[in-house]
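User: I'm new to reading protein structures. Could you walk me through one, a feature at a time?

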Amino acid sequence: LPCAVLARVNGPAVGGGVGLIACADVVLAAATATFAFSEVRLGLVPAVIAPFVVSKLGMSVSRRYFLTGERFDAATAKAIGLVHEVVAAELLDTAATAMVETLLRAGPQAVREAKALLRGLEQREMAPLANETAALIARLRVGAEGQEGVGAFLEKRTPSWQRATTKR
């Protein structure tokens, strides 16, 4: 979008939801919000959102959370650069309103141009990955493990690979 995008996170943000957060220009989160790249727990990978997340968080942080699927809290999300500001849940609306007012003080054309500049820089880095990541997620979703993981999630049961192993 050519305009500034503000994400207001209150509650769990999982998988693609975290990808949307990574695409936002400014992210505010309630202290009670939680985050997870849960795809590996479904036998999938966060391929579609990976270029955006890696661009925002870097390879090291992305590696940890993509491979573990573990949940993390808002303070951790701020520390790793996913979230810009963490506030008490009851102050989230006030903080969001204040940020909107701050964003509206900027010249609309300047905001569009700044976003276009950033988008151009980002696309130079991410363009080669777009086709590769789309093909990867498509392949995994139709594979046996992806089908089992998604099926288990929808049926609210443990995927077969967790039943077949000892504690992880």
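Analyst: Sure, let's begin with a helix: the buried residues of α5 pack against β1, β3 and β6 (85–87). Contact here means heavy atoms within 4.5 Å; buried means under 20% relative accessible area, exposed over 50% and partly exposed in between, using a 1.4 Å probe and protein chains only. Helices (H or I, at least four residues) and strands (E, at least two) are DSSP runs, numbered from the N terminus.

User: Anything I should know about the model itself?

Analyst: It's a predicted model, where local features need pLDDT of at least 70 and side-chain atom pairs count only at pLDDT 80 or more, while totals for chains, interfaces and linings use all residues. Residues are numbered from 1 along each chain as its sequence is written, and side-chain values use heavy atoms, leaving out hydrogens and water.

User: Which residues of α5 are buried?

Analyst: A handy idea first: an α-helix has 3.6 residues a turn, so residues three or four places apart point the same way. In α5, the buried ones are L92, A95, A96 and M99. They sit on the same side of α5 because they cover an arc of only 100° around the axis, the arc being that of the directions from the helix axis to the C-beta atoms.

User: And which exposed residues does the face turned away carry?

Analyst: On α5, that face has T94 and L104.

User: How far apart are the end C-alpha atoms of α5?

Analyst: You work out an expected span as 1.5 Å times one less than the number of residues. For the 13 residues of α5 (residues 92–104) that gives 18 Å, and the end C-alpha atoms are 18 Å apart, so the two agree.

User: Let me try α1: which of its residues are buried?

Analyst: Helix α1 (residues 16–23) buries V18, G19, I21 and A22. Their arc is only 160° around the axis, so they too lie on the same side of their helix. The cover over them includes β1 (6–9), β2 (12–14), β3 (26–30), β4 (34–36) and α2 (50–57).

User: How many helices and strands does the protein have?

Analyst: Eight helices and six strands. Along the sequence the pattern reads β-β-α-β-β-α-α-β-α-β-α-α-α-α.

User: And what about the protein as a whole?

Analyst: Its C-alpha atoms fill a box of roughly 55 × 40 × 25 Å, taken along the principal axes. Of its 168 residues, 34% count as buried. Look at the contacts between residues at least 6 apart in sequence: 63% of those join residues at least 24 apart.
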